[in-house]
Amino acid sequence: MMAALQYSKYGEGAAGLKHVEIPVPTPKKDEILVKIEAAAINPVDWKLQKGMLKVIYSIKFPYIPCTDVSGEVVSVGPGVTGFSQGDKVISWLDLKRGGGFAQYAVAGIKYTAKRPSGVSAVEAAGLPVAGLTAYQSLRDSGGLKYDGSYKGNVLITAASGGVGTYAVQLAKLAGAHVTATCGTRNIDLVRSLGADEVLDYKTPEGAALKSPSGKKYDVVLQCATTMPWSTFQPVLSSKGKVIDLTPTFGVMLTSAFKFLTMSKQKMAIFVMSANAKDLGELAELVNEKKVKSLIDSEFPLDKAEDAWAKSIESHATGKIVVTNKDEAASY
Ligand SMILES: NC(=O)c1ccc[n+]([C@@H]2O[C@H](COP(=O)([O-])OP(=O)(O)OC[C@H]3O[C@@H](n4cnc5c(N)ncnc54)[C@H](OP(=O)(O)O)[C@@H]3O)[C@@H](O)[C@H]2O)c1
């Protein structure tokens, strides 16, 4: 048996999470059983509980939330090669299945990478959704390569959040001139991550996304809540592109309109697609100390509901992580 937290209906927030003792799951074909050392929360986890994603994701109750975990392989299912008992791993647990708020979880090997020895369990847990979103969106939609060759100007909004903290570092690694937005208390931190210019989003200049040096952005990674196109248009370069991570109806409409009118300035919607290769590459960048995971706070599994409530407040600086106390020695 194992300890876990689960909810049985939509919409009850932290109060809806109940501590339970349930059987340890069994890995099937191409799956591994992971003893979880750390699990990181993402906004998508509690948006799912709010019922905001019902149309896309149908989940079965009771549901154990959280998809981003790191831990140790306990056993492997049929057909698994490349992983064996005792391996330290990082996994994305399919959102439909969840499972991270527990002592053990079953993970698909297609979403699992080995955790390099220089990356702690807590750091690793931050990588699957937040890290991969930054890594893939800047590369695949923004055209950046993480080799210092990019010469454009990039704006990262909500740069103090889970995605933003990785995005600032990755854009800098790619060679970009990086402008970032965050609240007053995080300006020094975001600058220390590599941002060349930092805007306080509560000032008029920050709200207008205006670069202090007058730069126009070639790529905007929009991690903050939805803003109208009229905010971006004046600060974009002639072929500038906004990559929006929160596909509201308005964003979809603007994106379609820009496409249909063959506008040179574009708005793209991006959705992360977990895979072992990208996860492994990103973990290696952390191992090489080129990128780091910013940790807002850590909570033990028996206080995971407090971590959940904190994430819902949306004021985290980096990642909120839940740890399994018994595993503390391995961090
Ligand atoms: N499409 C995808 O595949 C995908 C993947 C991951 C995330 N997302 C979405 O991307 C968004 C960001 O995710 P996240 O994990 O980074 O969230 P997060 O960690 O909860 O972000 C919190 C941070 O955002 C800052 N912030 C909030 N509004 C801001 C604004 N208007 N300007 C500047 N900073 C602001 C907050 O600063 P203060 O505390 O100072 O307010 C806080 O530090 C969420 O909507 C999430 O659902 C999408």
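## A guided tour, starting at helix α3

Begin by selecting α3: 11 of its 15 residues are buried, so the helix is largely enclosed by the rest of the structure. Keep in mind as you go that this is a predicted model.

Which residues of α3 are the buried ones? Colour L127, P128, V129, A130, G131, L132, T133, A134, Y135, S137 and L138. Next, pick G143, which follows α3 and has a positive phi, near 80°.

**The two domains**

Now zoom out and colour the protein chain by domain. Domain 1 takes in 2–126 + 293–330, and domain 2 covers 130–269. If you place a marker at the C-alpha centre of each domain, the two markers will be 28 Å apart. How many residues of domain 1 and of domain 2 are in contact with each other? Seven residues of domain 1 are in contact with eight residues of domain 2. On the domain 1 side of that contact, the classes are two nonpolar, four polar and one charged residues.

**The ligand and its shell**

Select the ligand and expand the selection to its surroundings. You will pick up 30 residues, the closest being G161, G162, G183, Y201 and H315. The elements that give two or more residues to this shell are α1 (43–50), α3 (127–141), α4 (162–174) and β9 (177–182), so our opening helix α3, largely enclosed by the rest of the structure, turns up again here.

What is the make-up of the shell by class? Colouring by class gives 15 nonpolar and 15 polar residues, with no charged residues. Switch back to the domain colours and you will see both domains around the ligand, as each of domain 1 and domain 2 gives at least three residues to the shell.

Stay with the ligand and click on H315, one of the closest residues. H315 sits in the loop between α10 (304–313) and β15 (319–323). Is H315 buried or partly exposed? There are 13 C-beta neighbours inside 10 Å, so H315 counts as partly exposed. For a sense of distance, draw a line from H315 to V44: these two are 271 residues apart along the chain, and their C-alpha atoms are separated by 15 Å.

**Strand β11 and its partners**

Next, select strand β11, residues 217–222. Six of its six residues are buried, so β11 is largely enclosed by the rest of the structure. Strand β8 (residues 153–156) pairs with β11 in the parallel sense, over three bridges. To see the register, label I156, which stands opposite L221 in β11.

Then turn to strand β12 (residues 236–244), which also pairs with β11 in the parallel sense, here over five bridges. Label V219 and look across to its bridge partner in β12, K241.

**The nonpolar core**

I156 is worth keeping selected. In the largest nonpolar core, which has 98 residues, the residues with the most contacts are I156, A167 and A171. This core draws at least three residues from each of domain 1 and domain 2. As a general point, nonpolar side chains tend to be buried together in soluble globular proteins.

Which residues does A171 touch? Leaving aside residues up to four places away in sequence, select L138, L144, V154, I156, A176 and V178. Among them, L138 is one of the buried residues of α3.

**Over to domain 1: the antiparallel strands**

Select strand β3 (residues 31–40) together with strand β4 (residues 68–76). These two pair in the antiparallel sense over eight bridges, and A39 stands opposite V69 in β4. From β4, move on to strand β5 (residues 88–92), where the pairing is again antiparallel and runs over five bridges. Follow V69 across to S91, its bridge partner in β5.

Pause on β5, which is mostly covered, with four of its five residues buried. Three bridges join β5 to strand β7 (residues 112–114), and these strands run antiparallel. The pair to label here is I90 and its bridge partner in β7, A113.

**Last stop: V322**

Finish at V322, which is found in strand β15. V322 is buried, with 29 other C-beta atoms within 10 Å. Show what V322 touches, again without residues up to four places away in sequence: A38, A39, F101, F299, L301, A304 and A307. A39 is the residue that stands opposite V69 in β4. For a closing long view, draw a line from V322 to W229, 93 residues apart in sequence and 37 Å apart in space, C-alpha to C-alpha.

How values were computed:
Residues are numbered from 1 along each chain as its sequence is written. This is a predicted model: local features need pLDDT of at least 70, side-chain atom pairs count only at pLDDT 80 or more; totals for chains, interfaces and linings use all residues. A residue is near a molecule or strand if its C-beta atom, placed from the backbone, lies within 6 Å of it. Ala, Val, Leu, Ile, Met, Phe, Trp, Tyr, Cys and Pro count as nonpolar, Asp, Glu, Lys and Arg as charged, and the others, Gly among them, as polar. Domain bounds come from an automatic or database domain assignment. A residue is buried if 20 or more other C-beta atoms lie within 10 Å of its own, exposed if 12 or fewer, and partly exposed in between; C-beta atoms are placed from the backbone. Two strands pair if DSSP finds at least two bridges between them. A nonpolar core is a set of buried Ala, Val, Leu, Ile, Met, Phe, Trp, Tyr and Cys residues joined through C-beta atoms within 7 Å. Two residues are in contact if their C-beta atoms, placed from the backbone, lie within 7 Å.
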